[in-house]
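Please look at the sequence and the structure below. The paragraphs after them go through the parts step by step.

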2 protein chains.
Amino acid sequence: MPRALDVASSPVRDLLALTSRPEVISFAGGLPAPELFDLDGLRIAYDKALQDRSVLQYAPTEGNSTLRGLICERLTGRGLPTSDVLVTTGSQQALTLVATALLEPGAVVAVEEPTYLAALQCFQMVGARVVPVASDADGLVPGSLREVVATHRPSLLYLVPTFANPTGRTLSATRRAEVADIAAAAGLWVVEDDPYGELRYRGDAVAPLASISDRTIYLGSFSKIGAPGMRLGWLRAPADLLRALVIVKQAADLHTSTVDQAAAAVYLAHNDLDAHVARLCAEYGRRRDAMIGALPATVPPGTTWTDPDGGMFVWLRLPGEVDAAVLVKQALEHDVAFVPGASFFATTPDHATLRMSFTSNTSDGIAEGMARLAKVLR
Amino acid sequence: MPRALDVASSPVRDLLALTSRPEVISFAGGLPAPELFDLDGLRIAYDKALQDRSVLQYAPTEGNSTLRGLICERLTGRGLPTSDVLVTTGSQQALTLVATALLEPGAVVAVEEPTYLAALQCFQMVGARVVPVASDADGLVPGSLREVVATHRPSLLYLVPTFANPTGRTLSATRRAEVADIAAAAGLWVVEDDPYGELRYRGDAVAPLASISDRTIYLGSFSKIGAPGMRLGWLRAPADLLRALVIVKQAADLHTSTVDQAAAAVYLAHNDLDAHVARLCAEYGRRRDAMIGALPATVPPGTTWTDPDGGMFVWLRLPGEVDAAVLVKQALEHDVAFVPGASFFATTPDHATLRMSFTSNTSDGIAEGMARLAKVLR
């Protein structure tokens, strides 16, 4: 039986099916708030893009050249000088392309633990062995990475350094420099997955790892700042590797939808995405505050949680011998949901952890959901 | 170096870059005619789809349920009873998903030779060994398949049974029954890649292999009957395998663009796709006739060619010791292009072969292109 068939379906996506009853207040999915999508702006962009017949035709694998230029401009403006990117079908595809291009069966991948579970699936799918690196409030612990490098000789490190999924934590600038040094010394590829970086609600931006390390493959996405349904991501990598990834993408889907790409290019050229992101940040920041503010009255004494500066997630650890997978069933009976944390661990799960997303409910919805959750947790 | 990096870029896609000079009449690409796209119908469909905010959100991996229902209805109406499909990002993605799910490194894949070269890339990418099966005017030769099965024990057979790429040939009904028998006896999976089946210009439809063999994975596509830029394909497979493929797709790109899917669902519900396909067939049939009619005056005596009932391609073999890769350079000097046939062979290429597409030029353009080509070939 090929190894791909041993990989289980994502428990988060399976859980999402259960939370789709309209009466459930769900903190489970990592979903952007649909009421904040710029539906009118995007509809106009699609209509404008579809005035050109060529957007319906086959196109180069690399992606729409106008869109690539606009993405490079945007990254450069945010402190990451960029001359070329590969457009991907969401940044999930970028992960699979990197795994296919760089990992042989049996290869070792180091991941910050806990981490984005669909990344774990990608690595398992190509037969790689995943080794966890410890993290704390400042993100991945460089000392732990050094030990993992010495013991397991990984070929790749995967992390979400800014507002991580599932913890919401951000790797400090000092640690970024250390990670860059370790990667350079060990010849390690670093995948910097950055879907949330623009969603900052307080504090100053930390420079991307890719801006200080040329061993870094940087993944960006339109999903959290634009709309995930369009499935648009981008990948920035050293030129040689980028060329190889184009060939892998050619086999994967020839190219990303030219309609979605052209619409995104029109949208970026004719709209102020920064202003839209500022609106998202203002509202998501309020929602973050609503959830963090409600937590002390929701959870039992002894619970710890992260206090994210941005992104979508708060990560909790409950006291005592509890299993969040059992608690979520009770929560669903009270019409509220979260994600048990166990699936975010590469090896040994901590069953007392859970992830809560604050982006897809209003502050009022969060207050009501937290009140329901208190009945289960306290 | 991981095996994926050993796979070369598609020579066809590289050649397409050279043929993009506007003065070149290209018979190289397998491109549908852009002037026949239903641009207005599709623009209206996107606009209607984008009145619903939910088309911008994350969505289930399986695909838009309305679209899946409409695809099942269409397949059933065409003689292939279908209760479920997986929507894929073009049928190219379906190929990669199948390769990932069913092939271990070292697995053997049998392919009709010559065959679609991006399929060869997919199989090479997962480390499979490709073994050719002979074909003649009636498609793949069952006796050759029997030998390959006995000698190499392949786990999968890949073929384009109707209007094949690159030959335009169609596997006869009798041979389809034989292939189904061989697959059943050998426990062989059959991938029936059918992007061209609806583009028939004469004669009667031959029932899909999938309708007589439950070992068949059937791949369909919107690219040749709708628009390739939308990257919409579908995969029909036995229920267990379909479930496994959903998990592989989850890691590959989470799901196909919800905007493109919703637009296609609206389009199919509000437009007569059969009438559109009939218009395509009428025009493509004329173009086919124009190319076939011009061939005797274009090629040297002793040349043989296929006489396709549908699809997009004519396949030629020139007499003597010629190399089509050298000839195409001379052809480009005369502002005309085709694809040398060598890249469509899994193992030993026949350098005297070439593929010509008749769909993307008008009959007048074909006449002019063939006149230019005659200067090179005769």
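Is Ser257(A) buried or exposed? The model shown here is predicted, and in it Ser257(A) has a relative accessible area of 5%. The cut-off for buried is under 20%, so Ser257(A) is buried. Along the chain, Ser257(A) sits in the loop between helix 8 (239-253) and helix 9 (258-270) of chain A. Its contacts reach into the other chain: leaving aside residues up to four places away in sequence, Ser257(A) touches Gly229(B), Met230(B), Arg231(B) and Asp260(B). With Gly229(B) there is also a polar approach, as the side chain of Ser257(A) reaches the backbone oxygen of Gly229(B) at 3.5 Å.

Ser257(A) leads to the interface of the two chains. How many residues does the contact take from chain B and from chain A? There are 67 residues from chain B and 67 residues from chain A. Put together, chain B and chain A bury about 5700 Å² between them, and 60% of this area is on carbon and sulfur atoms. Across the interface, 30 residue pairs are in polar contact, counting pairs with both residues at pLDDT 80 or more. On the side of chain B that touches chain A, at least two residues each come from helix 2 (39-49), helix 4 (90-102), helix 5 (117-125), helix 8 (239-253) and helix 9 (258-270) of chain B. Helix 8 of chain B gives the most to this side, with seven residues.

Charged side chains also take part. Side chains of opposite charge can pair when their charged atoms come close. Between chain B and chain A the count is two salt bridges. One of them joins Asp47(B) and Arg43(A), with a distance of 3.9 Å from N to O.

Next comes the inside of a single chain. Chain A is divided into domain 1 (3-37 + 275-377) and domain 2 (39-270). Domain 1 of chain A is thus written as two stretches of sequence, with domain 2 of chain A listed as 39-270. The C-alpha centres of these two domains of chain A lie 24 Å apart. Where they meet, 36 residues of domain 1 of chain A are in contact with 36 residues of domain 2 of chain A. The two domains of chain A bury about 3000 Å² between them, with 63% of it on carbon and sulfur atoms.

What holds charged or polar groups opposite each other at this boundary? Between domain 1 of chain A and domain 2 of chain A there are 11 residue pairs in polar contact, both residues being at pLDDT 80 or more. Helix 1 (11-18), helix 10 (273-298) and strand 12 (313-317) of chain A each supply at least two residues of the side of domain 1 that touches domain 2. The largest share of that side, seven residues, comes from helix 10 of chain A. The count of salt bridges between the two domains of chain A is two. Asp307(A) forms a salt bridge with Arg202(A), and the closest N and O atoms are 3.2 Å apart. Both residues belong to a network of salt bridges that links Arg202(A), Arg288(A), Asp289(A), Asp307(A) and Asp309(A).

Over all chains, the count comes to 44 salt bridges. In one of these, Arg74(A) pairs with Glu198(A), the closest N and O atoms being 2.7 Å apart. Arg74(A) lies in helix 3 (residues 65-77) of chain A and Glu198(A) in the loop between strand 8 (189-193) and strand 9 (216-221) of chain A, so this pair ties together parts that are 124 residues apart in sequence. Glu198(A) counts as buried, at 17% relative accessibility.

In chain B, Glu198(B) forms a salt bridge with Arg78(B), the closest N and O atoms being 3.8 Å apart. This pair links parts of the chain that are 120 residues apart. Glu198(B) is buried at 17% relative accessibility, whereas Arg78(B) is partly exposed at 37%. Arg288(B) and Asp289(B) form another salt bridge, with 3.1 Å between the closest N and O atoms. Here Arg288(B) is buried at 6%, and Asp289(B) is partly exposed at 45%.

One last kind of link remains to be checked. A disulfide is a covalent bond between the sulfur atoms of two cysteines. A search of the whole structure finds zero disulfides over all chains. Cys72(A) is buried, with a relative accessible area of 8%, and Cys72(B) counts as buried at 8%.

Key:
Residues numbered from 1 in each chain as written. Chains lettered and ligands numbered in written order. Predicted model: local features only at pLDDT ≥ 70, side-chain atom pairs only at ≥ 80, totals over all residues. Heavy atoms only, no water. Disulfide = S-S within 2.5 Å. Buried < 20%, exposed > 50% of the residue type's maximum accessible area, 1.4 Å probe, protein only. Domains from an automatic or database assignment. Contact = heavy atoms within 4.5 Å. Buried area = accessible area lost by both parts, 1.4 Å probe. Salt bridge = Lys/Arg side-chain N within 4 Å of Asp/Glu carboxyl O. Polar contact = N/O pair within 3.5 Å; in protein donor to acceptor, adjacent residues only side chain to side chain. Helix = DSSP H or I, 4+ residues; strand = E, 2+ residues; numbered from the N terminus.
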